[in-house]
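Colleague: I am new to this structure. Could you take me through it in questions and answers?

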Amino acid sequence: MKIAGISGSPRKNGSTESIIRHCLSFFQENGYATDLISLHETKISPCIHCDFCKEKPWCSQDEEANRVNTILADADAILVASPVYFGCMTGQLKCLLDKTRPLRRDGMKLKGKIGAAIATGGSRNGGQELTIQNIHAWMLVQGIIIVGDNNHFGGTVHTPFKDDPAGLGTVDGTLTAMHSLLSRISG
Ligand SMILES: Cc1cc2nc3c(=O)[nH]c(=O)nc-3n(C[C@H](O)[C@H](O)[C@H](O)COP(=O)(O)O)c2cc1C
């Protein structure tokens, strides 16, 4: 089975990308194939609502978005992580999620996949849960089955994450929840 991990941070080797790499290592150790989409290197432009994707199942404006969409359509589970920017996901991540509209128009290509979210913030209660809710809204509209951390909403981390064992516990809980559901489905 295949896991796609998205880091919504524009920063190379920031907290979000480091945590997503940690998550993908966990899945590799458990026998999954993984793909990393890191928005510090993958540049997605904002959707301009040209509606081309209502006619053809791809984005006429953005080859990178088409490349990412192929990865997402091929995954069994999608893990989305974002820094908190003013209580919300980053603009970079929102651009990517908007560009998945062709997958929805093309017979709900993400429907039935497993999804989970992680948010990293500079403050302990800086909007991680709100950010996760934003990501969950995208998952619900795409028909993705959401898991939390077997306790609350998913991974909620306060940076620097090395000083946040409780936050890292929610990340590991999210990985365990995703892994156990995928094992039940495939078993
Ligand atoms: C424009 C901007 C807005 C931010 N807003 C918040 C916020 O509302 N709450 C919060 O806890 N941290 C906020 N932060 C801090 C980042 O969420 C935090 O540093 C995060 O861990 C960065 O992740 P990264 O290292 O993966 O880029 C903000 C940072 C920026 C640049």
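Colleague: By class, how many residues of the shell around the ligand are nonpolar, polar and charged?

Modeller: Keep in mind that this is a predicted model. The ligand is surrounded by 16 residues. Sorted by class, the shell has one charged residue, four nonpolar and eleven polar.

Colleague: Which residues are the closest to the ligand?

Modeller: A residue counts here if one of its heavy atoms lies within 4 Å of the ligand. On that basis 16 residues surround the ligand, and the closest are Ser9, Arg11, Ser15, Thr16 and Val84.

Colleague: Which residue has an N or O atom in its side chain 2.8 Å from an oxygen atom of the ligand?

Modeller: Two other contacts go to the backbone. A polar backbone atom of Gly87 is 3.1 Å from an oxygen atom of the ligand, and one of Gly122 is 3.0 Å from a nitrogen atom of the ligand. The side-chain contact at 2.8 Å belongs to Arg11.

Colleague: Which helix and which strand each supply at least two residues of the shell around the ligand?

Modeller: The helix is H1, residues 15-29. The strand, residues 114-121, is E4.

Colleague: Which residue in E2 does Ile6 stand opposite?

Modeller: Strand E1 covers residues 2-7 and strand E2 residues 33-38; the two run parallel and are joined by six bridges. Between them the chain passes through H1, in a right-handed β-α-β crossover. Opposite Ile6 stands Ile37.

Key:
Residues are numbered from 1 along each chain as its sequence is written. This is a predicted model: local features need pLDDT of at least 70, side-chain atom pairs count only at pLDDT 80 or more; totals for chains, interfaces and linings use all residues. Side-chain values use heavy atoms; hydrogens and water are left out. A polar contact is a pair of N or O atoms within 3.5 Å; within protein, one must be able to donate a hydrogen and the other to accept it, and residues adjacent in sequence count only if both atoms are side-chain atoms. Helices (H or I, at least four residues) and strands (E, at least two) are DSSP runs, numbered from the N terminus. Ala, Val, Leu, Ile, Met, Phe, Trp, Tyr, Cys and Pro count as nonpolar, Asp, Glu, Lys and Arg as charged, and the others, Gly among them, as polar. Two strands pair if DSSP finds at least two bridges between them. A crossover is right-handed if, with the strands pointing away from the viewer, the path from the first strand over the helix to the second runs clockwise.
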